[in-house]
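User: I am new to this structure and would like to learn how to read its features. Could you guide me through them in order?

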Amino acid sequence: MEAVTVAAQARERLRASFASGRTRPAAWRAAQLRGLLRMAVEMEAEICAALRADLAKPRTESYVHEISLVTSSCKFALKNLQKWMKPKKVPAGLLTFPSTARVTAEPLGVVLVISAWNYPFLLAIDPVIGAIAAGNAVVLKPSEIAPATSSLLADLLPQYVDSSCIKVVEGGVAETTALLEQKWDKIFYTGNSKVGRIVMSFAAKHLTPVVLELGGKCPVVVDSNIDLHVTAKRIAAGKWGCNNGQACISPDYIITTKSFAPKLLDSLSKVLEKFYGKDPLRSADLSRIVNSNHFNRLKALMDEEMVYDKIVFGGQSDEQQLKIAPTLLLDPPLDSAIMKEEVFGPLLPIITVDKIHESFALINSMSKPLAAYLFSKDSKLKHQFERNVSAGGMVFNDTSIHLTNQHLPFGGVGESGVGSYHGTFSFDAFAHKKAVLDRSFLGEAKARYPPYTPGKLKIL
Ligand code: NAD
């Protein structure tokens, strides 16, 4: 069947299911959330196998970064569902006396979720959890760049959730374009900002609201007033321990002072050798690069003439296995591609400055990042960083782990994204907050009605 027909049929079927009111009751929403939870628990081995096939993702990372985050999202939504759904009473106000007022969260309708390849299980299911909790019907389009996970999701979802309201459509650019041509009540897209612009232009045709979860260059500022060993381990965990750097909130580059750089470099090198051994290309604890396009892109970043001699650690690669070793570069020029594009892989440039405060201007000279990190014991510096650096999220003295906190919104700012999700914010992303004012027939104010005589104006 043609992609356009598949897309139109999926939307029409789900629209009919949504119109029937099927997705609205709390019991239906809870049953779907329990279904997703059961799927993540019962199919753990199959999910890990798909992630290994797509990315050679180590089992621990698959479990900790994808499966367990999905299960905790489901549990959080189940625990809070009644509270989220309950209309919130607000003060009624004197002008409308006597009346009551409330904010009612209503489902948007039929929503489209388009997800990315790097965390192909988590990034597909996590937005679906929010969409279901808010009472919507959902079409999920997983990433074709992670084909094993995409086909597993298409196979599993109908076994665990109501397929008349939650449907997986697989495919690449043609199929996604066909879906984008349909009218949706919300589009939730995770991926790069170039495609984010395409998604937004399709959405504009129907005035469809969007959430865009994009990327960017996430800086890590390292002060000298730190616990060096802990810092090096936490940077390594957030970079190479997250899909070998193929994560949207992975450290993209480090800024530190010229005088401190040798110590940091030494500590990072030692930690990397301890984590991945002397031959990291053979380490089972390091994901591979997703495909040859991305492998070649990363090689080109490393091999650029003005960058090649800046490699101070790592640099090995194996095209057959699509593996690239953790690689540190010292002071590549700021106009090199590695400092202009999002790295999204195992290469980590270290940029040195004379004084740590210079890092603020450097970060602010680039697009606003999805996350910004600062390692320091200096509370004044932390305060200044928080006030002066704009980023989707911020962590002091660690990297990447803010996304595990369901009470924090996860999303970008500026070019790193539009909107946010996780926890309550996921429900809010997929619900319309309807203003409801309920008046009595009493409380007539003559001054409100014509003829507008000067006497009436005086009363007001
Ligand atoms: P990708 O190639 O999987 O693309 C994402 C989705 O867009 C896929 O479903 C794909 O089918 C669709 N797509 C691709 N090209 C398209 C086109 N021309 N028209 C319509 N749809 C199209 O993933 P990617 O973009 O390579 O993902 C990596 C990027 O995503 C990085 O920039 C990363 O920082 C960002 N990212 C952000 C988050 C976040 O939560 N903010 C999470 C993961 C990745």
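Analyst: The following turns take up surface charge, burial, cis peptide bonds and backbone angles. Please keep in mind that this is a predicted model.

User: Let us begin with charge. Which residues gather in a patch of positive charge on the surface?

Analyst: For a patch, one looks for residues of like charge that are accessible and lie within 9 Å of one another. Here Lys-79, Lys-83, Lys-86 and Lys-88 form such a positive patch on the surface. Lys-86 belongs to the loop that runs between α4 (59-85) and β1 (88-90).

User: Is Lys-86 buried or exposed?

Analyst: A residue counts as exposed when its relative accessible area is over 50%, and as buried when that area is under 20%. Lys-86 has a value of 57%, so it is exposed.

User: Where does Lys-57 lie, and is it buried or exposed?

Analyst: Lys-57 is placed in the loop between α3 (44-55) and α4. Its relative accessible area is 1%, and therefore Lys-57 is buried.

User: Which residues does Lys-57 touch, leaving aside those up to four places away in sequence?

Analyst: Its contacts include Leu-51, Arg-52, Ser-62, Glu-66, Asn-118, Tyr-119, Pro-120, Asn-243 and Ser-287. A further point concerns Leu-286, which is 229 residues from Lys-57 along the chain, while the C-alpha atoms of the two are separated by 7.1 Å.

User: Let us turn to the backbone. Which residues does a cis peptide bond join, with omega of about -5 degrees?

Analyst: The angle to read is omega. Phe-97 and Pro-98 are joined by a cis peptide bond, with omega about -5 degrees. Pro-98 is in the loop between β1 and β2 (99-107). A cis bond also leads from Pro-450 to Pro-451, where omega is near -5 degrees. Pro-451 sits in the loop between β18 (431-439) and α17 (454-459).

User: What is the phi of Leu-207, and what is that of Ser-400?

Analyst: The sign of phi is the item to read here. Leu-207 is not a glycine, yet its phi is positive, at about 55 degrees. Ser-400, likewise not a glycine, has a positive phi of about 70 degrees.

User: Where do Leu-207 and Ser-400 lie, and is each buried or exposed?

Analyst: Leu-207 is in the loop between α8 (193-205) and β7 (210-213). With a relative accessible area of 76%, Leu-207 is exposed. Ser-400 lies in the loop between β16 (393-396) and β17 (417-418). Its relative accessibility is 7%, so Ser-400 counts as buried.

Definitions and conventions:
Residues are numbered from 1 along each chain as its sequence is written. This is a predicted model: local features need pLDDT of at least 70, side-chain atom pairs count only at pLDDT 80 or more; totals for chains, interfaces and linings use all residues. Side-chain values use heavy atoms; hydrogens and water are left out. Patches are made of residues with over 30% relative accessible area and no salt bridge: like charges are joined within 9 Å, nonpolar side chains (Val, Leu, Ile, Met, Phe, Trp, Tyr) within 5 Å. Accessible areas come from the Shrake-Rupley method with a 1.4 Å probe; for residues, only the protein chains shown count as cover. A salt bridge is a side-chain nitrogen of Lys or Arg within 4 Å of a carboxyl oxygen of Asp or Glu. Lys and Arg count as positive and Asp and Glu as negative; His and the chain ends are not counted. The place of a charge is taken as NZ of Lys, CZ of Arg, CG of Asp or CD of Glu. Helices (H or I, at least four residues) and strands (E, at least two) are DSSP runs, numbered from the N terminus. Buried means under 20% relative accessible area, exposed over 50%, partly exposed in between (1.4 Å probe, protein chains only). Contact means heavy atoms within 4.5 Å.
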